[in-house]
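Visitor: I have a structure on screen and would like a guided walk through it. Could you take my questions one by one?

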Protein chains: 2
Amino acid sequence: MTVADLGEFGLIAAIAARLPRDGTTIVGIGDDAAVLAASPGSQVATMDLLVEGRHFRRDWSRPEDVGGKAAAQNLADVAAMGATPVALLVGLAAPGDLPVAWAVALVDGLAAECARAGATVAGGDVSSADTIMIAVTALGKLAGAPVTRAGARPGDVLAVVGVLGHSAAGLALLSAGLAEPASLIAAHRWPRPVYQAGPEAAALGATSMIDVSDGLVADLAHVAQASGAGIGIDTARLAPGADLEAAAAALSEPGPALALRWMLTGGEDHALAATFPPGTRLPAHWTVLGGVHEGHGVQVDGRPWAGPAGWDHFG
Amino acid sequence: MTVADLGEFGLIAAIAARLPRDGTTIVGIGDDAAVLAASPGSQVATMDLLVEGRHFRRDWSRPEDVGGKAAAQNLADVAAMGATPVALLVGLAAPGDLPVAWAVALVDGLAAECARAGATVAGGDVSSADTIMIAVTALGKLAGAPVTRAGARPGDVLAVVGVLGHSAAGLALLSAGLAEPASLIAAHRWPRPVYQAGPEAAALGATSMIDVSDGLVADLAHVAQASGAGIGIDTARLAPGADLEAAAAALSEPGPALALRWMLTGGEDHALAATFPPGTRLPAHWTVLGGVHEGHGVQVDGRPWAGPAGWDHFG
């Protein structure tokens, strides 16, 4: 059964039937727009596009993975403002010969990652197109002021929650036709950000925050620029795990260099990187990596970073 | 200059520079997510996808038109819930050889239609893709309860605000290589919904509402089904204007039949169709077209409608 067999309204009904409803969604799929319950604070909203062949490959990722990753990258953007995710809207453009089972499994992945974040899929759109394109909008609610990229101050501590370099290592393994360590390939297919660390950081007084989508150095460079300060990373604190070391060895680059490069430049893990006033008592799941100083740009072990920075979607 | 020349971050900066900011947007383009000011009521959110070759053609529409139409169809969905539009998020996937001027003009159209609706473009995403695809999310705020498709009751009055059939007539003219009446071609390229009629209808006690995106009969069929009632249209009240009559004549179908068919089945004008309790005093810009009765489906002049219904995106 293809999506063309089922038709637009049949596909929407099949998708809606997979989705749980929660008390936040006053009007869900099937009307002109979704309606979400009032919340006292300000709203957070973000959108990402995923294009087949550029952001995912159907031969490398199951549809559940594509959905889970699409949800994760958007929900992490909400968390990175210090907000709590509430709902997703999902647009799916696909060729008419796409199996309905693929579309439904995509939605299962989206819904599963939403459930991890405490959110639901509240609406969306479907259309035909020559290639698969997925648009995801994530909405969230803020208890207080947003944590932007612009508030880092000299003397602040830099800390992260979540893994670094796992997705990049998994992609390198897939590109080389390797299947182990499977944990890294799984991390590439479906990252698992620590959403609750976003509101937690806000409550702890974080002065800036970003989710690591393009790579730690590249994303911290955005924070440094927006804040008008320099940010230093101490690689002695970036201890690559056994899985990253094993992946580097499997790719014939034993030793710490490749594993460290993945941690500094690998994107798509959606770890949260935040700066905190000096003396902030951070829970143990935050790892201190360095600090903020007068100046500009990102320094790695005291030297300006000169390696490949990050990802440009038109580059 | 192409978008590939400018790069992802350059393109985002060029787009952001075109967009006005208003007091509702606490954090705009350039952070992980947009932040919008708190509003007391519930939130409305909707998304539409537009794919080149399916929803628009670059040889038939200027980029401003494509942007204006993309904004209009989403903002109208917000209005059709009885809500006031607040903000758009816009995703643009495009080939690297797309001229920057096209992308910037697209955003100009989006921003202009937002301004008509009292909203702003608050965020979005860009990506490369083989064909142009635009994803638009519209957000709105509700003063009271939403007006869904499900509340029409026998005895209610059916009324519309906005034009009917103009976009379909304009498309027929373009398909035939004709350029007149220009007003209809303009209506196809850039519809102008009457957004304020949405909250107005809610305040007047509308029992159901929908925006006419797929065609009057097709969209009222959704209302009839959701409400568990029948809806009757009296074609004597559907007086085709001189422009529709002229378009029909130009296409060698003089007389009222083609013009009426456009009004009954033409989509993309985004008129608002609503039902009101009997006796509701409607402002003059609402046109009464019929009413709600026991039963099901849509009747045109007392007979079940048997013509082509609407648009299926995978049909």
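Guide: Happily! One definition to begin with: two strands pair if DSSP finds at least two bridges between them. Keep in mind too that this is a predicted model.

Visitor: With that definition in hand, in which sense do strand 9 and strand 12 of chain B pair, parallel or antiparallel?
Guide: Strand 9 covers residues 230-233 of chain B and strand 12 covers residues 297-300. DSSP needs at least two bridges for a pair, and these two strands of chain B share four bridges. Within that ladder, B:Ile231 has B:Val298 of strand 12 as its bridge partner. The sense of the pairing is parallel.

Visitor: Which strands stand at the edges of the open sheet in chain B?
Guide: The open sheet of chain B has seven strands with mixed pairing, in the order 8-10-7-11-9-12-13. Two of its strands have a single partner strand each, so one side of each is left without a neighbour in the sheet. They are strand 8 (208-211) and strand 13 (303-304) of chain B.

Visitor: Let's move to chain A. Which residue stands opposite A:Gly232 in strand 12?
Guide: Strand 9 (residues 230-233) and strand 12 (residues 297-300) of chain A pair over four bridges in the parallel sense. A:Gly232 faces a residue of strand 12 of chain A, namely A:Gln299.

Visitor: And which residue stands opposite A:Gln299 in strand 13 of chain A?
Guide: Strand 12 of chain A is joined by two bridges to strand 13 (residues 303-304) of chain A, and these two run antiparallel. In strand 13 of chain A, the residue opposite A:Gln299 is A:Pro304.

Visitor: Which residue takes a positive phi in the hairpin of strand 12 and strand 13 of chain A?
Guide: This hairpin of chain A has two residues between its strands. The phi in question is near 50°, and the residue that takes it is A:Asp301.

Visitor: What is the bridge partner of A:Ile233 in strand 11 of chain A?
Guide: Strand 11 (residues 287-293) of chain A pairs with strand 7 (residues 157-161) in the antiparallel sense over four bridges, and there A:Ala159 stands opposite A:Val288. Strand 9 of chain A also pairs with strand 11 in the antiparallel sense over four bridges. In that second pairing, the partner of A:Ile233 is A:Gly290.

Visitor: I like to check backbone geometry. Is the peptide bond from A:Glu180 to A:Pro181 cis or trans?
Guide: A:Pro181 lies in the loop between helix 4 (166-175) and helix 5 (182-189) of chain A. Omega for the bond from A:Glu180 is near -5°. In chain B, a cis bond joins B:Glu180 and B:Pro181 with omega about 0°, in the loop between helix 4 and helix 5 of that chain. The bond in chain A is likewise cis.

Visitor: What is phi of A:His270?
Guide: A:His270 sits in the loop between helix 9 (256-265) and strand 10 (272-276) of chain A. Its phi is positive, in a residue other than glycine, with a value near 60°.

Visitor: Now the interface. What area is buried between chain A and chain B?
Guide: The contact takes 66 residues from chain A and 66 residues from chain B. Carbon and sulfur atoms give 60% of the buried area. The area comes to about 5300 Å².

Visitor: How many salt bridges are counted between chain A and chain B?
Guide: One example is the pair A:Asp32 and B:Arg149, with 3.3 Å from N to O. That distance fits the rule, because a salt bridge needs the nitrogen within 4 Å of a carboxyl oxygen. The count between the chains is six.

Visitor: Which strand of chain A gives the largest share of the side that touches chain B?
Guide: There are 19 residue pairs in polar contact across the interface. The side of chain A that touches chain B divides into 37 nonpolar, 17 polar and twelve charged residues. Eight residues of that side come from the element you ask about, which is strand 3 of chain A.

Visitor: Which residue of chain B does A:Ala45 stand opposite?
Guide: Strand 3 of chain A pairs across the chains with strand 2 (residues 34-36) of chain B, antiparallel over three bridges. Opposite A:Ala45, in strand 2 of chain B, is B:Ala34.

Visitor: Finally, what relation do chain A and chain B have?
Guide: A rotation of 180° with 0.0 Å of shift along its axis superposes chain A on chain B, at an RMSD of 0.0 Å. The same surface serves both copies, as 100% of the contact residues of chain A recur in chain B. The rotation and shift give the relation of a two-fold axis.

Notes: Residues are numbered from 1 along each chain as its sequence is written. Chains are lettered from A and ligands numbered from 1 in the order in which they are written. This is a predicted model: local features need pLDDT of at least 70, side-chain atom pairs count only at pLDDT 80 or more; totals for chains, interfaces and linings use all residues. Side-chain values use heavy atoms; hydrogens and water are left out. Contact means heavy atoms within 4.5 Å. Buried area is the accessible area (1.4 Å probe) that two parts lose on being put together, summed over both. A salt bridge is a side-chain nitrogen of Lys or Arg within 4 Å of a carboxyl oxygen of Asp or Glu. A polar contact is a pair of N or O atoms within 3.5 Å; within protein, one must be able to donate a hydrogen and the other to accept it, and residues adjacent in sequence count only if both atoms are side-chain atoms. Ala, Val, Leu, Ile, Met, Phe, Trp, Tyr, Cys and Pro count as nonpolar, Asp, Glu, Lys and Arg as charged, and the others, Gly among them, as polar. Copies are superposed by least squares on the C-alpha atoms of residues with pLDDT of at least 70 in both.
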